[in-house]
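Subject: Structure for you to look at, with notes

Dear colleague,

I am passing on a structure that I would like you to open alongside this message. Please have a look through it at your own pace before you read my notes.

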Amino acid sequence: MADLRFGIIGWGYWGPKIARNLDSIAHATVTAVADMDKHRVALLAGQQPGLQVTSQVEELLCSDVDAVVIATPVRTHYALAKQALLHGKHVLVEKPLTASVAEAEELVALARQVDRVLMVGHTFEYSPAVNELRKLVQSGELGKIYCVEAERVNLGLFRRDINVIWDLAPHDVSILLYLFGQLPEQVQVQANAHLLPPIHDVAHLDLGFPDGMTAHIHVSWLHPCKLRRVTVIGDARMVVYDDTNPAEMIKIYNKGADVNADPVVSYRHGAITIPHIDWIEPLRLECEDFIRAIRTGTPPRASGEVGLSVVRVLAAAQDALNQQLHTLVSDTIPA
């Protein structure tokens, strides 16, 4: 089997992590890296002399790499992915796919036209814990799903190019769409820009789905604790997925509430189950799926179409935020 050659565009936070995983997979190797930071390029060239390193993206795209990974700021995703596809390269883009629906639609159509894989870095779709949660949801073990609560908060990392919705919410939106296989029909948003207006650093998204299920997403760069938690409330059981707790990532609660004929609400309290999860780094599984899609021609799990769906939700949230009416209440509270 011939080796697949990969190029990485952007050698910041994600670029080296993705390169490490690609290089660890048989018959795959990272052969070229492009980054605009010339100091970073010079440093990498000295560390890995066998690697083709450049500050010119065009030079990488004209090389013999079969596929590229784009790990750059969101505003650059569309132009770089379009260039790569037009050069005949398979493309993996870090989340979110693009900064607008129109850009995402164009990339999906172009990938089909040139018959190349377009994939998005929705890493949590490859998490063994998220896949365990998906099995619980889709098997019906939780019963009818009432609502979902998602929290993704921490102190930092503040971004100047996008707000917290476009930075953090793609993770939870992609998890929701993966778990339930449907798009919300309603999106409401409340957000605030505390540090550097107009960049919103705290946001609450409320999603309404066609089957009556609701989801609330809380994302923040201003929180004293790091939380990555998804709670799924079903009428039979409830589940908490906590990405920050490796020993107990999934907890199944055999508890709930029932309405009697009176009508009176009665509560059930049962055992807590913690299933065993065979852990594999999600980023490695993501890279393996990208390679499989290139070799077989079958769509990856986090395909360009999936990325487009996530961008649709993010864009709807941004539109809702932009259309909010801000009123000033002049009356004071009585003493």
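Below is what was found in it, taken up in the order of pockets, helix packing and backbone.

Please keep in mind throughout that this is a predicted model.

Pockets

The largest pocket has a volume of about 1300 Å³, and its lining is made up of 48 residues, with Tyr13, Trp14, Lys95, Arg159 and Asp167 lying nearest the centre. If you want to trace which elements give two or more residues to this lining, they are helix H1 (14-23), helix H4 (74-86), strand S7 (145-155), helix H7, strand S11 (222-234) and helix H8 (282-296). The largest share comes from H4, which supplies five residues. Sorted by class, the lining of the largest pocket holds 23 nonpolar, ten polar and 15 charged residues.

The second largest pocket encloses about 270 Å³ of space, and among the 17 residues that line this pocket, Ala111, Arg116, Val117, Leu118 and Gly297 are the closest to its centre. Two or more lining residues are given by each of helix H5 (101-114), H8 and helix H9 (304-322), and the largest share, three residues, is that of H5. Here the lining divides into eight nonpolar, five polar and four charged residues.

Helix packing

Two pairs of helices can be described in some detail, and H1 and H8, which you have already met in the lining of the largest pocket, form one of these pairs. The axes of H1 and H8 are 9 Å apart and the helices pack at an angle of about 65°, and because angles of 65 to 115 degrees count as roughly perpendicular, H1 is described as roughly perpendicular to H8. The crossing of H1 past H8 is right-handed. On the H1 side the contact involves Trp14, Lys17, Ile18, Asn21 and Leu22, and these meet Leu283, Arg284, Cys287 and Ile291 of H8. This contact has six nonpolar, one polar and two charged residues.

The other pair is H6 (residues 128-139) and H7 (residues 164-180), whose axes come within 9 Å and cross at roughly 40°, so that the two helices are oblique to each other. H6 passes H7 in a right-handed crossing. From H6 the contact takes in Val130, Asn131, Leu133, Arg134, Val137 and Gln138, while H7 brings Ile175, Tyr178, Leu179 and Phe180. By class, these contact residues are seven nonpolar, two polar and one charged.

Backbone

Which peptide bonds are worth finding on your screen for their cis form? One runs from lysine 95 to proline 96, where omega is near -15°, and proline 96 sits in the loop between strand S5 (90-94) and H5. Lysine 95 also appears among the residues nearest the centre of the largest pocket. Another cis bond runs from glycine 156 to leucine 157, with omega near -10°, and leucine 157 belongs to the loop between S7 and H7.

Finally, please look at histidine 27, which has a phi near 60°, a positive value in a residue other than glycine. You will find histidine 27 in the loop that lies between H1 and strand S2 (28-34).

With best wishes

Key: Residues numbered from 1 in each chain as written. Predicted model: local features only at pLDDT ≥ 70, side-chain atom pairs only at ≥ 80, totals over all residues. Heavy atoms only, no water. Axes fitted to C-alpha atoms, helices over the stretch in contact; angles between N-to-C directions. Helix = DSSP H or I, 4+ residues; strand = E, 2+ residues; numbered from the N terminus. Parallel < 35°, antiparallel > 145°, perpendicular 65-115°, else oblique. Left-handed = near helix turned anticlockwise from the far one by under 90°. Contact = heavy atoms within 4.5 Å. Nonpolar A, V, L, I, M, F, W, Y, C, P; charged D, E, K, R; others polar. 1 Å grid on protein atoms, 1.4 Å probe; cavity = no way out; pocket = protein on both sides within 12 Å on 5 of 7 lines; lining within 4 Å. Points joined across faces, edges and corners; volume = space filled by probe spheres on them.
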